[in-house]
There are 2 protein chains.
Amino acid sequence: MRERPQTSAPAGRPAVAARPVIRRALLSVDVILFTPHGRRLTVLLVRATDPRARERWELPWDAARAEEALDVAAARIARSALGAGPAWTRQVVASGGEQRHPGETEFSIAYLGLVPAGTPPPVGGEASWFPLDEIPPLAPRHRAMVDSALAMLRLELDQSPVAFRLLPPTFTLSQLQEVYEVLLGRKLHKASFRRALHAAWLVEPIDEWRSEGRGRPAQLFRYAPKKKRTGRRGVRFDLLG
Amino acid sequence: MRERPQTSAPAGRPAVAARPVIRRALLSVDVILFTPHGRRLTVLLVRATDPRARERWELPWDAARAEEALDVAAARIARSALGAGPAWTRQVVASGGEQRHPGETEFSIAYLGLVPAGTPPPVGGEASWFPLDEIPPLAPRHRAMVDSALAMLRLELDQSPVAFRLLPPTFTLSQLQEVYEVLLGRKLHKASFRRALHAAWLVEPIDEWRSEGRGRPAQLFRYAPKKKRTGRRGVRFDLLG
DNA sequence: TGACATTAGTGACCGAGTGTGACTAATTCG
DNA sequence: CGAATTAGTCACACTCGGTCACTAATGTCA
């Protein structure tokens, strides 16, 4: 599901340099940007700039700079690859030299970033959104980072209402449920989903409806967390592994 | 609750060098080791070896080595500080130069480690267990690592049965509950705790009882996870922050 | 135009899970 | 002996999540 070349180029978007860039560093910061495309979650990859690279695509990355905080570096790298900053970032994992990095760096720190739906990649084809099951070959460390980022995203999902970062400011509850289903990788029951949503006071309806083809028009909602709930659950001994 | 000097030195434990050691590196691996002491969780700190250090105590750490995996490095550092390896480790967080590190390293990767109760620090007073609320002044980055490690530990607690790593092979259910209460920082109801434990098939009783002063003797149990449960919960929108 | 498909949204039931108090059991202490 | 202390279980009420069934509002097509 590569993006077709954009016909309308949004203003203020820096052009991505097409000349070969060779980066060498001990420590890299790598960014995994997710955005939903229809019913599928996609990840941003950029064309390899180093002519000696074995793989044609790679995650956006750059060398860490001593004077720059890691999360700031992640936001910078995301902006440089996408043109727009992510709506939310989170450190995922640090990995070492057991797995090959496209820049041959010794160590890497991976950051996860969420981008609202509908954000196009920069023109020129230097960066594209790839569905998770159509990711081209990546350097092993990058491949592992994508998996870790997805796991971290799902873990974060029931800790904080992060799914809203993937949606525009107003949305229908069906859209919201679809995002959750994409992220969780499983179907949810409509009634249960809305019941839980209502109990958590996370959204409020606005006086607007949207008709999406056939069927009854859906009311639009806005993310507006009202009361904080304690979130105290009992002890559970759920075995995952 | 500093440990008194040990009178009996366990065999096979490497002596910690007392001479000043000056380490310089771009990237460090730092280890936060936890063990329970009575009703309190304690952290292992070692005496600063660099004579120019501002603080007298610090987390065990060393420079990362390109040829060594990060988790292997964490285990090595733990063994070198404690004499025994941790029963479980987990990467916590990577942090950069915004906060001062005792070794003035640019970046650091923190690992959390769990040590069974009753593991004494090496003789010589070069390392000691400190309760969380009696931690001496640490370099800012180390201070932040301790907080992150504790948060990670609590997050992990309801994902996997990690509390058992803090207990000897056989234990009473009251001991187990105490560990959970220490880790969670709140009291649990006895009946609820045991019901959940039973439902998860995590422990099995052995034909042995232990009398702990007054009161009815408690049956001993062993960690023996039987069946894997799906662990599938419904969607919840708990707000934590 | 009217039947039908399609999507949105709600109500109600049931069973599993959780918080809680009260009870019994087995030991030590005085 | 009885009181105190700790271990362990039971039962009740309530909440929560899965599910089905229903109503509502639109487009499609004969």
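These legends walk through four views of a predicted model.

**General notes.** Because this is a prediction, local features need pLDDT of at least 70 and side-chain atom pairs count only at pLDDT 80 or more, while totals for chains, interfaces and linings use all residues. Residues are numbered from 1 along each chain as its sequence is written, chains are lettered from A and ligands numbered from 1 in the order in which they are written, and side-chain values use heavy atoms, with hydrogens and water left out.

**View 1. The protein surface around DNA strand D.** Here 22 residues sit around the strand, where "near" means that a heavy atom of the residue lies within 4 Å. Ser192(A), Arg195(A), Lys190(B), Gln219(B) and Arg236(B) come nearest. The mix is 5 nonpolar, 8 polar and 9 charged residues; Ala, Val, Leu, Ile, Met, Phe, Trp, Tyr, Cys and Pro count as nonpolar, Asp, Glu, Lys and Arg as charged, and the others, Gly among them, as polar. Helix 4 (190-200) of chain A, helix 4 (190-200) of chain B and strand 10 (218-223) of chain B each chip in at least two residues, and helix 4 of chain B gives the most, with 4. Helices (H or I, at least four residues) and strands (E, at least two) are DSSP runs, numbered from the N terminus.

**View 2. Polar contacts from chain B to DNA strand D.** A polar contact is a pair of N or O atoms within 3.5 Å; within protein, one must be able to donate a hydrogen and the other to accept it, and residues adjacent in sequence count only if both atoms are side-chain atoms. A backbone N or O atom of Gln219(B) lies 2.7 Å from a phosphate oxygen, and the side chain of Arg194(B) puts an N or O atom 3.2 Å from a phosphate oxygen. Arg216(B) goes for a base instead: a polar backbone atom is 3.1 Å from a base oxygen. Of the strand's atoms within 4 Å of the protein, 54% belong to sugar or phosphate and the rest to bases.

**View 3. Gln175(B) and its surroundings.** This residue is in helix 3 (residues 173-184) of chain B. Its side chain reaches the backbone nitrogen of Thr172(B) at 2.9 Å. Beyond neighbours within four places in sequence, Gln175(B) touches Leu167(B) and Arg210(B) (contact: heavy atoms within 4.5 Å).

**View 4. The fold of chain A.** Chain A has 4 helices and 10 strands, running β-β-β-β-α-β-β-β-α-β-α-α-β-β along the sequence.
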